[in-house]
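Before this model goes into further work, here are some notes on a few of its residues. They are set out as numbered points, to be read beside the coordinates.

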Amino acid sequence: MTVPAAPDAPLLRIDALTKSFGGFVALNDVSVQVRKGERFGLIGPNGSGKTTLVHCISGALRPNKGAVIFGGEDVTPLPPNQRSRRGIARSFQIPRPFRSMTVLENLMVALDFAAGRETLESTAHRREAAMSILARIGLAAKAESPTATLTQVELRKMELARAMATGPKLLISDEAMAGLSTSEVDEVLDLLMSLGGDDIAIIMIEHIMQAVMRFSQRVMCLDAGRIIAIGPPAEVMANARVQEAYLGT
Ligand SMILES: Nc1ncnc2c1ncn2[C@@H]1O[C@H](COP(=O)(O)OP(=O)(O)O)[C@@H](O)[C@H]1O
Ligand SMILES: [Mg+2]
């Protein structure tokens, strides 16, 4: 049932989420709220449960216990496509780009997916919408290029463009900067910061701490499936348990 969200209600509410694989508890009683337009950093050592949490939010995984509330609605029973329609986008969840298509064509496919099959919009209108997203992402000059000719950083940008095509209220970026050079990391970071804001909250998972520090209004650190720290970036980074989790004991 959809309950109209109060003006100050969080965009996303994770309620006592637990996810196990066999006997192994990957997420252990995790509760957190993300507000509308928030830039939220998610950190933690390898295997701490970050991607599992993302999967529970996107719908790729069902939790054993707990709930995911989005815009006041309990979306826990919904499959990924229905969560996508409600505004949850994950940069790597959407199918890989079609290499033989141009950047523009790829984005038009993503727009079709977002609209559902029975779109009444004309091709010209979709083309315009796709071009406006490409301009926002800084890929307008590559619109007619085949996807196969894009560089690594351009491909990451196209992934973000495809996520943007779904009209998200929450964009989740799971290690979108892995393997990029320092200047490319800055480029993608600037882009993510420009996309976030009034209407789009972003959860960014990243190993590059400088990037997390610069990006995040709040940071949450997971260790062995539990929240060990949450708060302003500098505070979380200075937390003894966080430092211990990263350095090992
Ligand atoms: N489908 C799965 N089946 C079994 N174990 C899994 C599965 N997915 C994740 N895990 C385990 O859950 C733990 C958390 O994984 P993950 O959420 O991917 O961590 P992170 O993204 O923080 O590196 C890891 O120990 C991982 O091996
Ligand atoms: Mg991961």
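**Notes on three residues**

1. Leaving aside the neighbours within four places in sequence, Pro-146 of this predicted model is in contact with Arg-99, Met-101 and Thr-102. Pro-146 itself is found in the loop that runs between α4 (123–137) and α5 (152–164).

2. As to solvent, Pro-146 has a relative accessible area of 37%, and because buried would mean under 20% and exposed over 50%, this proline is classed as partly exposed. For a sense of distance, Pro-146 and Ala-110 are separated by 36 residues in sequence, while their C-alpha atoms lie 16 Å apart in space.

3. Asp-29 deserves a look at its backbone, since phi is positive there, at about 55°, although the residue is not a glycine. The place of Asp-29 is within a strand, namely β2, which covers residues 24–34. With a relative accessibility of 47%, Asp-29 counts as partly exposed, because the value falls between the cut-offs of 20% and 50%.

4. Ala-224 is another residue other than glycine with a positive phi, in this case near 50°. Where does Ala-224 lie? Its position is in the loop between β9 (218–223) and β10 (226–231).

5. Is Ala-224 buried or exposed? The relative accessible area of Ala-224 is 57%, and the residue is therefore exposed, given that the cut-off for this class is over 50%.

Definitions and conventions. Residues numbered from 1 in each chain as written. Chains lettered and ligands numbered in written order. Predicted model: local features only at pLDDT ≥ 70, side-chain atom pairs only at ≥ 80, totals over all residues. Heavy atoms only, no water. Helix = DSSP H or I, 4+ residues; strand = E, 2+ residues; numbered from the N terminus. Buried < 20%, exposed > 50% of the residue type's maximum accessible area, 1.4 Å probe, protein only. Contact = heavy atoms within 4.5 Å.
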